[in-house]
Amino acid sequence: MRTPNGKVPTIKNLSSDPTRTRIIVMLVIIALYGIAAIFGPILMNFDPTATDLTNRLLAPGAERTDGTIAVLGTDQIGRDLLSLVLYGGRVSMIAGVFTLLLAGLIGVALGLFAGFRGGWTDAIIMRLADLQLAFPAILLAILLVAVLGPSLLNVILVLAVANWVVFARVTRAQALSIRSREYVSAAHTLGGKQLYLMFRTVLPNALAPLLVVATVQVGMVIIAEASLSFLGLGTPLSTPSWGLVISDGRAYLDTAWWIATIPGLALSGLVLTLGLLGDALRDRFDPRMKTL
Amino acid sequence: MVDPRTPLLEVRNLHTEFPIGSQLRRRNVVQAVNDVSFDLQRGETLGLVGESGSGKSTLARTIIGLDHPVSGSIKLDGAELVGASAKARRETVRRMQMVFQDPIASLNPRLTAEDSVSEAWRVNPGTVKRGQWHNRAVELLERVGLNPDHAKRYPHQFSGGQRQRIGIARALALDPELIICDEAVSALDVSVQAQILNLLTDLRRDFNLTYLFIAHDLSVVRHLSDQTLVMYLGAVMETGESESVFTSPRHPYTRALLSAVPAVRPWDGPPRERILLSGDLPSAINPPTGCPFRTRCWKATQLCADERPELAVADGTEQLLACHFPEPVAEAQEVSHT
Amino acid sequence: MSNDTTVHSTSPLLDVSDLTVEFATSTGAVQAVRNVSIHVAHGETVALVGESGSGKSVTAQAIMGLLPKRISQVSSGSVSFLEQDLLKLPPRQLRDLCGNDLAMIFQDPMSSLNPVMRIGYQLTESMWRKGGASRKQARIRAIELMDIVGIPDARNRVDDYPHQFSGGMRQRIMIAMALTREPRLLIADEPTTALDVTVQAQIMELLKGLQSELGMALLLISHDLGVVADSADRVYIMYGGSIVESGITRSTYENPAHPYTTGLLASIPSVYERGTRLTPIPGSPPLPTASRTGCSFAERCPFAVDQCRTDEPLLRNPVGWPSTRETACHRTEEVLQHG
């Protein structure tokens, strides 16, 4: 950079501190969600199947017949909305985390094999992935619900099957680029066998983009679970998730807007935070990945 | 008891090729190593020289097992490696190791210095007891010129020379007899290169090592090697005692190669003859018939195209060369160049 | 070695004076180049020698205005070329100068050539865009240039893409591109480092030939003392961002006046005889640091005394030596005696 008019321009300090702050803030928010989801329903002594029709459709802040305040209102069968949101959070987060674990495990393993081995292994796994992507997840969900009935487990299964591909693809790309690096050759020369090289040498170095993908996927899975529940293809009525509550609240949008809106806000908040966390992680690990 | 005259490493008629394009449909193939044979005696250092496309790196990788030959034989102390079972191959790991070129890429960024070294024992259970890993690793790191407090640091915290030292310590971890140095000093600054060369010299003496030293820098090869082998387009052009090859190169390519090395003090002594090769390296997919060097050789004739010259001794010197028209023996030109 | 040392005019073609370049890092600004002054006369070949972190490439980039904008700046000094301060030129005029009277070639030809454009187009672009030539004339000139730099079958290869050429050929193409407007000064930043030694020899011969034909000056940046010995009239040795020694090449190599130069020469193995042991310089080349007291070489220097660690030595002309010789060392006299 030249100094055209003699003035010396200042150079801003390149610091990674703003990114670290972002990551910490996001993690704190998610942790709060988590704590609320785990302990909230216990503290509130919540029973999702109990109905209280005398206290139904109460506005946020209104008083119940027994004198307690319904902080966020009640729904159409009298359930406390605050408890519903907390309980629903638990369902959504369980669905998110377990789906991620299952999809991640399957996807990363398949991606590693495909990328590391190459050849026919790669070809077969990638065609499998293409097949998966071509198949609409909704159909699978309908099929499973029809056959097995609605349950949280089925939701997790469906979403895992629908989402493993992105993990496989990212892992495969990483494996392809890492496997020819000299330190992998070095480990091989020292006597490392295939599985060791894949899981102990390549995989730990492939984690950075996977972390980013994972945070974004969790958010998408939570939305997907909510959508499935919204359509009646998700958790049963006895296990209220945010999607279910939102769905129920549809009919009351003009009279009791809080039933659909408040869980909706909670859902958006969590997914947004996860997305921003993913962004910050990506920036932290490799600013050149901004185009991903 | 192994016959002490058995070479530690015997390579015969080795061929390695790579498909171009899709691995599934083998159409075009690169002849990376084309009928290479040589011996490496215990305790010797063989310098493998060549330019890009010569196949020297592929040869190294094939010997160490990272690439697989199409045909030929590699014998380590009499035991055949090509086609050997995985178990048999694993035995050789303890006898033959490698130091890689790129100090940054050859270390796993997630392993500390001592972990990089102890990985050798991790993947070979039974060689060193787990409780001893730390001490043995630190010992090795000190042996290559690092401090104990370097042991817990990560690769990015070291300089290029230090990383290369870690790579050398790692190669020594399994107590090998043969170490293949694949351009081990090429990526280092001149002043650091000298340190590592001295280190390699000391280790050779202390551990009774045999080196297969691959480099493109001729001065480095001359400094370290007893024997020198010159490769071009996958084939051996000339091989023999370094003294002989460097002072009296008989193969036209070797002569051209040596004449191209710039002298640090060109004003000392008479002006050297500069042989400038014409043309480019021919394609490795379709190597020239007969002698691979003929397309750029000023002496090439039809014979060179029809018949690939065999590796044989030429009158007047001891080294082997593959040429129909060897260069004359050089007069003793003991001019002091540095 | 050197071919034409006659100077065409008394004022230097390129005069870099007291150049300092700063880079931004997470810990503050560091100086990659400090108070560097070099000059190149018309038709001369001057080399800038150093290892990593010496600042030689940054110096070249500063001259050409190629420093990365957001994270670096020239904090002081001037770069005078043909009597104009390049640092003060508005961007348009600098662009006109570069590629015209001042040209540069780089280490890796593949990254300087656009992989999706034909060679002919890349060679001729500046001709018909800036030079006012017609496309046809430019094409003829391109083929001419390719012939001059030794690309066989130029007529047919002018429409090929970069990947269809070998490394050595691509470097020749880069040289051809640099020559299109017959520059007065060519800056070559490690032009042969990525090339095989036989190709390196060809390229250096080519450059020398072109120099004598065109009367072009060459600023050669390299870490290879041999290449420099072969081609350069004068040499500047850089270490840790500053010039530590300079002078006529032969004189500097035969009688180094700085411990770094001595050390460097002693650590190079010879292709002419097999030595037993090299004398390396202990430690490693320094990274650019924000603060520096005393001589940056002191910690690796066998001649260092206390003064070296507190007072930074300035470039001076050792007593009894011609004015072309300069060294930045407190212990020069001892080095000249023993080194």
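1. A good place to start is helix H1 of chain C, residues 56-64, which is mostly covered, with eight of its nine residues buried. The buried ones are Lys56(C), Ser57(C), Val58(C), Thr59(C), Ala60(C), Gln61(C), Ala62(C) and Ile63(C). Just after H1(C) comes Gly65(C), with a positive phi near 75°.

2. Please keep in mind that this is a predicted model. For chain B the average pLDDT is 89, and 95% of the residues score at least 70. Residues 333-338 of chain B are another matter, with pLDDT below 50, although this stretch has twelve contacts in the model beyond near neighbours in sequence. Where pLDDT is low, the predicted coordinates should not be read in detail.

3. Now to the contact between the chains. Chain B brings 38 residues to it and chain C brings 37 residues. On the side of chain B that touches chain C, helix H6 (190-207), helix H7 (218-224) and H9 each supply at least two residues. H6(B) gives the most to that side, with eight residues.

4. One helix pair across this contact may interest you. Two packed helices are described by the angle between their axes and the distance between the axes. For helix H9 of chain B (residues 252-260) and helix H8 of chain C (residues 197-214), the axes come within 8 Å and cross at roughly 55°. An angle from 35 up to 65 degrees counts as oblique, so H9(B) and H8(C) are oblique to each other. Their crossing is left-handed. H9(B) makes the contact through Ala256(B), Leu257(B) and Ala260(B), while H8(C) uses Val197(C), Thr198(C), Gln200(C) and Ala201(C).

5. Which residues other than glycine have a positive phi? One is Asp35(B), where phi is near 60°. Asp35(B) sits in strand S2 of chain B, residues 28-40. It has 17 other C-beta atoms within 10 Å; since a residue needs 20 or more to be buried and 12 or fewer to be exposed, Asp35(B) is partly exposed.

6. Leu82(C) is another, with a positive phi of about 50°. Leu82(C) lies in the loop between strand S4 (72-81) and strand S5 (84-85) of chain C. Because it has 16 C-beta neighbours inside 10 Å, Leu82(C) also counts as partly exposed.

7. Finally, the domains of chain C: domain 1 covers 112-176 and domain 2 covers 259-338. Their C-alpha centres lie 44 Å apart.

Definitions and conventions. Residues are numbered from 1 along each chain as its sequence is written. Chains are lettered from A and ligands numbered from 1 in the order in which they are written. This is a predicted model: local features need pLDDT of at least 70, side-chain atom pairs count only at pLDDT 80 or more; totals for chains, interfaces and linings use all residues. pLDDT is the predictor's confidence in each residue, from 0 to 100. Two residues are in contact if their C-beta atoms, placed from the backbone, lie within 7 Å. Domain bounds come from an automatic or database domain assignment. Helices (H or I, at least four residues) and strands (E, at least two) are DSSP runs, numbered from the N terminus. Axes are lines fitted to C-alpha atoms, for helices over the stretch in contact, and angles run from 0 to 180 degrees between N-to-C directions. Angles under 35 degrees count as roughly parallel, over 145 as roughly antiparallel, 65 to 115 as roughly perpendicular and the rest as oblique. A crossing is left-handed if the near helix is turned anticlockwise from the far one by less than a right angle, and right-handed if clockwise.
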